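Visitor: I am new to this structure and would like to learn how to read it, feature by feature. Could you show me the model and then take me through it?

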Amino acid sequence: MEEVDEEPSPTLIPSAGFHQRHLGFEWGPGDLLVYETNYRLQGIDLLEGNTEEGRGHEAHLVLCLCSGPRSAGSPFVHIVRRDEDICSPILRKLFNESHLIFVGLQKIREDVPSKNKKTQFVSVSKNYRSVIRACMEELQQNAVSTQDGSLASQYGDQVSILLAIELIWNLCEVLFIDAAPAGSLLLQLLDWVRLHKSDVDTRAREVLQSENPALHRSYWDVVISLVLQGRMDEARQVLSKQASLRPESSSVFKRMDVLLQSMPIFNPTGAQTLTEFDVRWRQWHEECDRCLQDNTFAGNRHLETLVKVLLGDEDTLLEQKELLGTWYHFLVTRLLFTQPTIKPPDLHYYAQSSMNMFLGPRASPEPLDIILLSAFEFDLHQVIKDCSIALNNWWFVAHLTDLLDHCKLLQSHNLHFGSNLREFLVLEYASGLFTHHSLWQLAVDYFDHCPEFGRVYLELQIERVPLDTERKAVKVLRICEDRQMSEQVRSICKIMAKRALRNNRLGSALSWSIRAKDAAFATLISERFLQDYCNRGSFTDLDLLDNLGPAMLLSDRLTFLGKYREFHRLYGENRFSEAARLLLSLMTARIAPRGLWMTLLTDALPLLEQKEVIFSVDQTYELMSCLEELNSGTKASNTTDQDEDIESTKTELLRLALARNLAMAIVKEGTIET
């Protein structure tokens, strides 16, 4: 897309610039952090509003690049957010429901015949519009029911935006997605106008439900409004109320009724060709002109106005500005009565002239007018560009562009910085969703369907999701694991492991470190487990330790922890021989840390004291060797006399138990051999 060719409107930040300092800023994925720096303004005052005549507490957002530290004078950091709709609970329904439609659209197979695909794409477009309508109706209800004036105003603004969005989307559906041909095009444009000019129905009900409809002050406005929308049967029904009141003019009303009834309407599913329809329409048009020339309706100015409308008289149509309301309604009505077989390529000429005629030379078009005119000119990229500038979020342009891209209408437009237009807009929209505490999960699917840069964006954004709870961390982790994002998986697990360790939740910390495959951290936590065991005499988190499986091979210390817990389990199950072999292997294989050898040897004491010989002669010699090796080592410098006495007592007890066991083992083995 081209650069924005107009200056954005200033954003007012309360209190910013009050201390006459430059502003610093940090860009975020969906907002901007603004703060005051220590640098004072010099020379020209860069903050508008800080003049002597009007120095107030608000300043225009004028950002200055600065490298100094943040201001000590102002403690505030201002968050400037472009997209406030993401915070609206009602509009979040729009984001959630449109996400399902988006995902379904991506599943439409490429090999489906184009005719069937077109039907599917039109259905998808209508689904999007129905979601917009549902949100719009809920906002309208809330605006009426709320007692808060500012909230009602906010709801009203959101309704106006959604009305404009639905209006643009519906027109794009008619012109681009359904691509209605001549004949059908005008019928769909009439439906488009009727849908977005619903006040006619309200006034018609009001007139018909009154005591005397024909005398109601809005009677003729309703009749003309119905004719302007091509609703001839309804106009005839309302007109009959007037005819019954004026028998003397019955022939004139009957003549108008015949004209309205006989107006040809093209039937796309019928056998009539477009040429045949055109011939019939011209004959009807000539009949209307003959009635005007013969002064058939000269006695009734309302009926005369009606016949001029049927002839498409531009001056008469322009006199009905209040009833038409908009230039695009004027356009469709003008085409209905002058060019009913309009072809799509000719639309732009009538659209431009209709807008000029309706608005006049003095009025300038609104952004919505320019967008609709671009659509009538079949300039898709200009529509998307203008919508991106005018609307306050990326939802509309992202979803519309995605649908148009699936319709193969944007294939020729690539951006200079690597991605195509569709992917660029979807990435921007998804990045905005990632700033919300719950909508970030929807953004993942949007990134998944951006083949070029989607994974890169997801990797960067997923790291910014705050891991407030373990449940949320598991969600994020599952997303990363499903997409083989190993670096992010490791990062998340490390963060959660450290957090659990700080909270002294050793089991959770060990579980996260194993998932992260972080050997160093698993070793550290294993040390904490062993330290905790030495202090308390028992293990915690037994379910985790009993089911480590192959994960215990992550580090030597974790292996020892798992095997040591297995020793305690075997001992508790009275499987003494297996427990003895395992305990001895932990020391002889040097898996056990030397600092725990005395603890392991002490654990062997109950086995040595059993009536039945558990340790064989060779095993007893190995235990003795380990004890002597432990005693021959250097003593820790920080041990007290009391600690030395305790160690000495343990050593003597172990030597005595080992000697007794050795004697019993020799006797037992000798007896067996004999």
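Guide: What follows is a walk from the whole chain to some of its helices, cores and loops.

Guide: This is a predicted model, in which local features need pLDDT of at least 70 and side-chain atom pairs count only at pLDDT 80 or more, while totals for chains, interfaces and linings use all residues. Residues are numbered from 1 along each chain as its sequence is written, and side-chain values use heavy atoms, with hydrogens and water left out.

Visitor: How many helices and strands does the protein chain have?

Guide: Helices (H or I, at least four residues) and strands (E, at least two) are DSSP runs, numbered from the N terminus. The protein chain has 30 helices and five strands.

Visitor: What share of the residues in the protein chain is buried?

Guide: Buried means under 20% relative accessible area, exposed means over 50%, and partly exposed lies in between, with a 1.4 Å probe and protein chains only. Of the 674 residues in the protein chain, 45% are buried. The accessible surface, computed by the Shrake-Rupley method with a 1.4 Å probe and, for residues, only the protein chains shown as cover, comes to about 35,000 Å² for the protein chain, and carbon and sulfur atoms hold 50% of that surface.

Visitor: Which residues touch the most other members of the largest nonpolar core?

Guide: In soluble globular proteins, nonpolar side chains tend to be buried together. A nonpolar core is here a set of buried Ala, Val, Leu, Ile, Met, Phe, Trp, Tyr and Cys residues joined through side-chain atoms within 4.5 Å. The largest one has 190 residues, and those that touch the most other members are Trp192, Leu310, Trp327, Phe376, Trp395 and Phe396. Helix α3 (residues 149-177) gives this core its largest share, 13 residues. Trp192, leaving aside its neighbours within four places in sequence, is in contact (heavy atoms within 4.5 Å) with residues including Leu167, Leu171, Tyr328 and Phe376.

Visitor: What does a single helix look like when I check its span and its buried residues, taking α27 as the case?

Guide: The expected span of a helix is 1.5 Å times one less than its number of residues. Helix α27 (residues 576-588) has 13 residues and should therefore span 18 Å, which agrees with the 18 Å between its end C-alpha atoms. An α-helix has 3.6 residues a turn, so residues three or four places apart point the same way. The buried residues of α27 are Phe576, Ala579, Ala580, Leu582, Leu583, Leu584, Leu586 and Met587, and their cover includes α26 (556-572), α28 (597-608) and α29 (617-632).

Visitor: Which residues beside α27 have a positive phi?

Guide: Most residues other than glycine have a negative phi, and most peptide bonds are trans. Just after α27, Arg590 takes a positive phi of about 60°. Asn574, in the loop between α26 and α27, has a positive phi near 65°, and Asn574 counts as exposed because its relative accessible area is 56%. Elsewhere, Lys408 has a positive phi of about 65° although it is not a glycine; Lys408 is found in the loop between α17 and α18 (421-433) and is partly exposed, at 48% relative accessible area.

Visitor: Is Thr401 buried or exposed, and what does its side chain reach?

Guide: Thr401, in helix α17 (residues 395-406), counts as buried because its relative accessibility is 0%. A polar contact is a pair of N or O atoms within 3.5 Å; within protein, one must be able to donate a hydrogen and the other to accept it, and residues adjacent in sequence count only if both atoms are side-chain atoms. The side chain of Thr401 reaches the backbone oxygen of Val397 at 2.5 Å. Beyond four places in sequence, Thr401 is in contact with Ile384, Leu410, Leu421, Arg422 and Leu425. Arg422 lies in helix α18 and is buried, with a relative accessible area of 7%; among the residues that Arg422 touches are Thr401, Asp402, Asp405 and His449.

Visitor: How many disulfides does the structure hold?

Guide: A disulfide is a pair of cysteine sulfur atoms within 2.5 Å, and the structure holds zero disulfides. For Cys493, the nearest cysteine sulfur is that of Cys480, 9.1 Å away. Cys493 is buried, with a relative accessible area of 0%.
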